[in-house]
Amino acid sequence: MAEGAAPPSLKDLTIDNITENVHAINSQTPNLRLKFILERTVVHLHDLARETRLTTDEWMTAILFLTQVGQICSDVRQEFILLSDVLGLSLLVDSIDHPKPKGSTEGTVLGPFHTHEAQHESLGGTISHDPEGEKLLVLCTVKDVDGNPIPGAMIDVWETDSKGFYDVQYADRNGPDGRAVLTSDDKGDFWFKAIVPVPYPIPHDGPVGKLLMHLKRHPYRPSHMHFMFKKDGFDPLITALYLRNDPYESTDAVFGVKNSLLVDIQRVQDPEMANTYGVELGSALMTYDFVLVTDKAAADLRREKAEEAMRKIGFKYRFIDDLPVPDVD
C-alpha cells in the first residue's frame, strides 16, 4: 500500500470472515517475508480456534501459561527454548534451516544451556573437573563430504556433570566447567578429556514442567554431549552424540535423538593410544567422525526443499534473499 494511503476498511466481522480481514489490515507492511509468515500464522491460529471450538477460558489459560514462561526466563534459563524443544519445534526449525545431504552429520537441538562463557582449550585438555564423573577420552575428526579434513574448525563442546547438572544451574559456581571451545588440527582431528555423559531431567519446576506433567510425559533426556561447529565456508552445525541403549533413548523429552548420532562407549585397549593421549588403559573412549556441509551446498539444498514444500501446498511463490514469499500478480 502506498505511503499515506488509507488502511483497508474492515467488513462486518464474523467467524467466517475474520481471517481475511486480519490479512487485509496486516498486508500494509512492505516486508513481504514478514507478511507471509504472519499471514500463515494467523491462518493456523484461526483454524485452530475454529476446529477445536476454543473457549475463552481455554485461551486465557494459554495466555497465562505463555506469560509464566516469559516470567521465569533469565540469563541462565531460557524457558521459551525449553517450550520450543518439548513441542518438537526446535528440531523442526533446525532441520529446515540446516538441511543435510546424505553422508553429512545430522543436526539436533541446541538446548537451553549453551553459553558463550566457554574458554578456549588446547587439544587434549580437560573440559570437566567433576571428580565423581567417569573419565572419558573423546577422539574425533571433522571432514567435508568428500572426506577432506577441515583444519581450523571451531568446536564448542558442553555437557553436564555426573549429577546431570550444567554449570549454569549452580548458583555458587565460580566459572564455566563441562564446556570448552577447541580448534581442529591440520588433519581435522580434535580430542579432549571429559566425563561419560549421564541422563538428566530438563528443568521441570516451571510452566513447561507442569505442561509435561499434564501430558503424562517424563522430563528426562538421554545421556549426551553437545557439539557446535563453525568454520568459514561451511554451514554451522549444532549436534550432539547420544549414548546407545540409554533408558531414555527413544523417549527424549526434547526429541533430539537421531539414529546416526548414537554412539557406543568403548575402552582404550591400546597402550600406544593410552600413552599418546595421556589416559589409563581401560579408560572410557568415545569416537566420532563429523562431516560438515559447505555453505553453498546447504543453501542449494535449502532452496530445493523450499521449492518442494511450496509446490506441495500449492503456493505460487518467488524468492527474496533465498526465502520464499507469495508471488502475487
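How many of the ten residues of β1 are buried? Eight of them are, so β1 counts as mostly covered. That strand is a good way into this predicted model, and the views below start there.

**View 1. The open sheet around β1 has four strands.** The strand order is β4-β1-β11-β10, and the pairing is mixed. β4 (189-195) and β10 (266-267) take the edges, each with a single partner strand, so one side of each has no neighbour in the sheet. β1 covers residues 135-144 and pairs with β4 in the antiparallel sense, over seven bridges. To find your place in that pairing, look for Cys140, which stands opposite Phe190 in β4. With β11, β1 runs parallel, and nine bridges join the two. Here the pair to look for is Leu136 and Ala284, the latter in β11, standing opposite each other.

**View 2. The largest nonpolar core has 32 residues.** The members that touch the most others are Val138, Phe190, Phe192, Met225, Phe227 and Phe229. Plenty of strands chip in: β1, β2 (154-158), β3 (179-183), β4, β7 (224-230), β8, β9 and β11 (284-292) each supply at least two residues of this core. As a rule, nonpolar side chains in soluble globular proteins tend to be buried together. There is also a second, separate core, made of twelve residues, with Leu83, Val86, Val109 and Ile202 among them.

**View 3. Phe190 and its contacts.** This is the residue we met opposite Cys140, now with its surroundings drawn in. Leaving aside neighbours within four places in sequence, Phe190 is in contact with a run of residues that includes Val138, Leu139, Cys140, Thr141 and Val142. Its other contacts include Leu123, Ile155, Ser184 and Phe290. Phe227 and Phe229 are on the contact list too, and both of them, like Phe190, are among the core members with the most touching partners.

**View 4. Glu79 is a buried acid in helix α4.** Helix α4 spans residues 79-86, and Glu79 lies in it. What does the relative accessibility of Glu79 make it, buried or exposed? At 0%, Glu79 counts as buried. Its side chain reaches the backbone nitrogen of Val208 at 3.2 Å. Not counting residues up to four places away in sequence, Glu79 touches Val69, Ile72 and Cys73, along with Gly206, Pro207 and Val208.

**View 5. Arg77, Glu79 and Asp205 are linked in a network of salt bridges.** Side chains of opposite charge can pair when their charged atoms come close. Asp205 and Arg77 meet at 2.8 Å, N to O. Asp205 lies in the loop between β5 (200-201) and α6 (207-214), while Arg77 lies in the loop between α3 (56-72) and α4, so the pair ties together parts that are 128 residues apart in sequence. The two ends are set differently against the surface: Asp205 is exposed at 59% relative accessibility, whereas Arg77 is buried at 16%.

**View 6. Arg221 and Asp252 form a salt bridge between distant parts of the chain.** The closest N and O atoms are 2.7 Å apart. Arg221 is in strand β6 (residues 220-221) and Asp252 is in the loop between β8 (237-243) and β9 (262-263), with their positions 31 residues apart in sequence. Arg221 and Asp252 are both buried.

**View 7. Asp47 and Arg50 pair up within one helix.** These two form a salt bridge, with the closest N and O atoms 3.3 Å apart. Both lie in helix α2 (residues 32-52), three residues apart, which is about one turn of the helix. Asp47 counts as partly exposed at 28% relative accessibility, and so does Arg50, at 23%. The structure holds 14 salt bridges, and this is one of them.

**View 8. The annotated domain covers residues 111-292.** The name comes from an unreviewed UniProt entry, which annotates this stretch as "Intradiol ring-cleavage dioxygenases". Over residues 111-292 the chain is 8% helix and 32% strand. The end C-alpha atoms of the stretch are 20 Å apart.

Methods: Residues numbered from 1 in each chain as written. Predicted model: local features only at pLDDT ≥ 70, side-chain atom pairs only at ≥ 80, totals over all residues. Heavy atoms only, no water. UniProt positions renumbered as here; feature names shortened; annotations may be inferred. Pairing = 2+ DSSP bridges. Buried < 20%, exposed > 50% of the residue type's maximum accessible area, 1.4 Å probe, protein only. Polar contact = N/O pair within 3.5 Å; in protein donor to acceptor, adjacent residues only side chain to side chain. Contact = heavy atoms within 4.5 Å. Salt bridge = Lys/Arg side-chain N within 4 Å of Asp/Glu carboxyl O. Core = buried A, V, L, I, M, F, W, Y, C linked by side-chain atoms within 4.5 Å.
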